[in-house]
Amino acid sequence: MKQEFAIDRPVEASVKMGSGRLDVQAAEAGSAWASVEAVDPNHEPSVQLAERSTITLDGDHLNVDVPESSRLFRRAEIAVTLAL
């Protein structure tokens, strides 16, 4: 899942996730985006956990929320990427 946003000012970000990989990179001027993806696209629990995640922009705050891993998602591996 990837969400892109047009922005006209600096953006703060917060990521809520139990475990996984987080990468941050520079975005093109006037934009910001975030993605949540399964590390292994063939691992169904990882894919489902990524699909249940939410990415929102509230004013100048980008929020990424990955649900807590339940028993089903215990071995799920996700990667969050932010471009700010």
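Two strands count as paired if DSSP finds at least two bridges between them. Helices (H or I, at least four residues) and strands (E, at least two) are DSSP runs, numbered from the N terminus. The model is predicted: local features need pLDDT of at least 70, side-chain atom pairs count only at pLDDT 80 or more, and totals for chains, interfaces and linings use all residues. Residues are numbered from 1 along each chain as its sequence is written, and side-chain values use heavy atoms, with hydrogens and water left out.

**Whole chain**

Start with the protein chain in cartoon view. One helix and seven strands are present, in the sequence pattern β-β-β-β-α-β-β-β. The radius of gyration, taken over C-alpha atoms, is 13 Å, close to the 12 Å of the globule rule for 84 residues, so the chain is as compact as a globular protein of that length; the rule is 2.2 Å times the number of residues to the power 0.38. Along the principal axes, the C-alpha atoms fill a box of roughly 40 × 20 × 15 Å.

Next, show the surface. About 5400 Å² is exposed, and carbon and sulfur atoms supply 44% of this area (Shrake-Rupley method with a 1.4 Å probe; for residues, only the protein chains shown count as cover). Buried residues make up 30% of the 84 residues, where buried means under 20% relative accessible area, exposed over 50%, and partly exposed in between (1.4 Å probe, protein chains only). A contact means heavy atoms within 4.5 Å. Of the contacts with a separation of 6 or more, 75% join residues 24 or more positions apart.

**The four-stranded sheet**

Select strands 1, 4, 7 and 3. They form an open sheet in the order 1-4-7-3, and the pairing is mixed. Strand 1 (2-6) and strand 3 (21-25) are the edge strands, each pairing on one side only. Neighbouring strands are turned by 10 degrees against each other on average, direction ignored; axes are lines fitted to C-alpha atoms, for helices over the stretch in contact, and angles run from 0 to 180 degrees between N-to-C directions.

Now zoom in on strand 3 and strand 7 (residues 78-83), which pair in the parallel sense over five bridges. Aspartate 23 stands opposite threonine 81 in strand 7. Add helix 1 (residues 44-52), which packs on the sheet and touches strand 4 (31-38) and strand 7. The direction of helix 1 makes about 150 degrees with that of strand 4.

Serine 35 is the next stop, in strand 4. Is serine 35 buried or exposed? Serine 35 is buried, with a relative accessible area of 4%. Leaving aside residues up to four places away in sequence, serine 35 touches Met1, Lys2, Ile55, Ala79, Val80 and Thr81.

**The three-stranded sheet**

Select strands 2, 6 and 5. This open sheet has the order 2-6-5, with mixed pairing. Strand 2 and strand 5 stand at the edges with a single partner strand each, so one side of each has no neighbour in the sheet. The twist averages 15 degrees from one strand to the next.

Strand 2 (residues 12-16) pairs with strand 6 in the parallel sense over five bridges, and the bridge partner of valine 15 in strand 6 is valine 64. Strand 5 (residues 54-58) runs antiparallel to strand 6, and five bridges join the two. Here threonine 54 has aspartate 65 as its bridge partner, and aspartate 58 has histidine 61. Two residues lie between the strands of this hairpin, where glycine 59 takes a positive phi near 70 degrees.

Turn on the side chains of strand 6 (residues 61-65). Leu62 and Val64 point to one face and are buried, while His61, Asn63 and Asp65 point to the other and are not.

**The core**

A nonpolar core is a set of buried Ala, Val, Leu, Ile, Met, Phe, Trp, Tyr and Cys residues joined through side-chain atoms within 4.5 Å. The largest has 14 residues; Val36, Ile55, Leu62, Val64, Val66, Ile78 and Val80 have the most contacts inside it. Strand 4, helix 1, strand 6 and strand 7 each supply at least two residues. Strand 7 gives the most, with three residues.

Centre on isoleucine 55. Among the residues that isoleucine 55 touches, not counting those up to four places away in sequence, are Met1, Phe5, Val36, Leu62 and Val64.

**Last stop: serine 19**

Move to the loop between strand 2 and strand 3, where serine 19 is found. Serine 19 is partly exposed, with a relative accessible area of 48%. Draw a C-alpha to C-alpha distance from serine 19 to alanine 76: the two are 9.0 Å apart in space and 57 residues apart in sequence.
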